[in-house]
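Please look over the side-chain links in this chain. The report below goes through them by type.

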Amino acid sequence: QVQLVESGGGWVQPGGSLRLSCASSGMIFNIYDKAWYRQAPGKQRELVARISRGGEITYADSVKGRFTISRDNAKDTVYLQMNSLKPEDTAVYYCNFFRVLLRKNYWGQGTQVTVSS
């Protein structure tokens, strides 16, 4: 039984910060690439940040310099630190684990992030 559970979403004013967590269970943590995606109303789901098995990190241009993805191997948890938040960051954020050899995706349930005054 595999499971990804996001937490840390909520409401924040523009310029504020949030830290999202994705706790995994029933998974061999190191064999996956890990990523955060988001989906705003009326838009396609988009990649926000990814950290590969080897630790290589990529970000969407829209979040570079503001968001940081990280992992804690001891806790089997992935994080997304979001700073200088903007209203356009408002979306449901999803944790994604990608099993590279099987090319299979696993998804969390999503957590809502709302940035507004």
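What follows covers the disulfide, the aromatic pairs, the salt bridges and two loop residues.

## Model

This is a predicted model. Residue numbers start from 1 along the chain as its sequence is written.

## Disulfide

The count comes to 1 disulfide. C22 and C95 form it, with an S to S distance of 2.0 Å. The link is left-handed, at -80° about the S-S bond. It connects distant parts of the chain: C22 belongs to strand 3, C95 to strand 9, and 73 residues separate them in sequence. Both C22 and C95 are buried.

## Aromatic pairs

There are 4 aromatic pairs. One of them joins F29 and F97, whose ring centres are 5.8 Å apart. Their planes meet at 65°, so the pair is edge-to-face; the cut-off for that class is over 60 degrees. F29 sits in the loop between strand 3 (18–25) and strand 4 (32–39), while F97 is in strand 9. The two are 68 residues apart, so this pair too is classed as linking distant parts of the chain. F29 is buried, and F97 is buried as well.

Another pair is Y37 with W107. Here the ring centres are 5.1 Å apart and the planes stand at 65°, so this pair is edge-to-face. Y37 lies in strand 4 and W107 in strand 10 (residues 104–107). The pair therefore ties together parts that are 70 residues apart in sequence. The burial of the partners is not alike: Y37 is buried at a relative accessible area of 16%, whereas W107 is partly exposed at 36%. The limit for buried is under 20%.

## Ring cluster and a lysine

Ring pairs also build a cluster, made up of F29, Y32, F97 and Y106. K34 places its charged end over two rings of that cluster. The charged end is 4.0 Å from the centre of the F29 ring. For the F97 ring, the distance from K34 to the centre is 5.8 Å.

## Salt bridges

How many salt bridges does a search of the whole structure find? The search finds 4. In one of them, R38 pairs with E46, and the closest N and O atoms are 2.8 Å apart. R38 is buried, at 5% relative accessible area. E46 is partly exposed, at 35%.

K64 and D61 form another salt bridge, at 3.0 Å from N to O. D61 is exposed, with 64% relative accessibility.

## The R66–D89 link

R66 and D89 are also bridged, with 2.8 Å between the closest N and O atoms. D89 lies in the loop between strand 8 (77–82) and strand 9 (91–99). R66 lies in the loop between strand 6 (57–59) and strand 7 (67–72). The pair therefore ties together parts that are 23 residues apart in sequence. Are these charged partners, D89 and R66, buried or exposed? D89 is buried, with a relative accessible area of 1%. R66 is buried too, at 10%. Through shared partners, salt bridges join R38, E46, R66 and D89 into one network.

## Two loop residues

A60 lies in the loop between strand 6 and strand 7. It counts as buried, at 17% relative accessibility. Which residues does A60 contact, leaving aside its neighbours within four places in sequence? They are L47 and V48. From A60 to P41 is 19 residues in sequence and 18 Å in space, C-alpha to C-alpha.

S52 is in the loop between strand 5 (46–51) and strand 6. Its relative accessible area is 14%, so S52 is buried. With neighbours within four places in sequence left aside, S52 is in contact with D33 and R71.

Notes:
Predicted model: local features only at pLDDT ≥ 70, side-chain atom pairs only at ≥ 80, totals over all residues. Heavy atoms only, no water. Salt bridge = Lys/Arg side-chain N within 4 Å of Asp/Glu carboxyl O. Buried < 20%, exposed > 50% of the residue type's maximum accessible area, 1.4 Å probe, protein only. Helix = DSSP H or I, 4+ residues; strand = E, 2+ residues; numbered from the N terminus. Phe/Tyr/Trp six-rings, centres within 6.5 Å; stacked < 30°, edge-to-face > 60°. Lys NZ or Arg CZ within 6 Å of the ring centre and 35° of its normal. Contact = heavy atoms within 4.5 Å. Disulfide = S-S within 2.5 Å.
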